[in-house]
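I opened a fresh notebook page for this structure. My notes follow in the order in which I looked things up.

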Amino acid sequence: MIVNLSSVLSEPHQPLRVTVDWKDDEIVAFGGHFPLRGPFVTEIQVTYDGGHDVSVSGKGSFKAEIPCDRCLEPVEKEMFLDFQKKVTVSKDGGKGTEDSDEINYIEGYNFDVEQLICNELLVGWPMKILCSDNCRGICNVCGQNLNEGVCDCESTGLDPRMSVIQDVFKNFKEV
Ligand SMILES: [Zn+2]
Ligand SMILES: [Zn+2]
């Protein structure tokens, strides 16, 4: 959704309120597609600060399906958005006044609301996703989900420390 900011700058007393309705959608991040489980509503408010400065704030929550780090099963994760930013708007685009980060969601007076929300979601993206604290992951030989059952590889799988000992034996033989 593109919102034109020129009305905020010309009618300073009128904050701009935007409500974004998200249906089932997806987030593209870190080379993957993560389905969103909606619907969600995100409230964005743009307030005039004088000159060419505006404050952009937003609140909302999302549920995204992210694969478990160990077993890759999708985990539904709720993420919250709550941000406030100060932006200087000009014909050339937006510029952050507080932090020097590149602003990719304002071009001229056009404000790309979804882009900003995506940025904020990525900032708050969970570092670690586990379906449960004691997830057993998948077998790295056959790919069996070890939460659902064991496979035969487990008993024959070599402990890396064992292979070092095997190498020692091999060298010993060759001498
Ligand atoms: Zn898991
Ligand atoms: Zn296996």
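**Zinc site**

I began with the angles at the zinc ion (ligand 1): its four donor atoms subtend 104 to 116 degrees, so the arrangement is tetrahedral. For that label, all angles must lie between 85 and 135 degrees. I note here that the model is predicted.

Next I looked up the donors. They are the SG atoms of Cys68, Cys71, Cys131 and Cys135, lying 2.3 to 2.4 Å from the zinc ion. Along the chain, I read their spacing as C-x2-C-x59-C-x3-C.

Then I placed two of these donors. Cys71 sits in the loop between β6 (53-67) and β7 (74-90), and Cys135 in the loop between α2 and α3, so this pair ties together parts that are 64 residues apart in sequence. Buried or exposed, I asked of Cys71 and Cys135? I found both buried.

**Aromatic pairs**

I turned to the rings. The count came to two aromatic pairs. I followed up one of them, Phe34 with Trp125. Their centres are 5.1 Å apart, and 55 degrees separate the planes. I logged the pair as tilted, because 55 degrees falls neither under 30 nor over 60.

Where do the two partners lie? Phe34 belongs to strand β4 (residues 32-35), while Trp125 is in the loop between α2 (113-123) and α3 (153-156). The pair therefore ties together parts that are 91 residues apart in sequence.

Last, I checked accessibility. Phe34 has a relative accessible area of 10%, so I entered it as buried. Trp125 also counts as buried, at 11% relative accessibility. The cut-off I used for buried is under 20%.

Definitions and conventions: Residues numbered from 1 in each chain as written. Chains lettered and ligands numbered in written order. Predicted model: local features only at pLDDT ≥ 70, side-chain atom pairs only at ≥ 80, totals over all residues. Heavy atoms only, no water. Phe/Tyr/Trp six-rings, centres within 6.5 Å; stacked < 30°, edge-to-face > 60°. Helix = DSSP H or I, 4+ residues; strand = E, 2+ residues; numbered from the N terminus. Buried < 20%, exposed > 50% of the residue type's maximum accessible area, 1.4 Å probe, protein only. Donors = N, O, S within 2.8 Å, 3.2 Å for Na, K, Ca; no water. Tetrahedral: all angles 85-135°; square planar, octahedral: opposite > 155°, others 65-115°.
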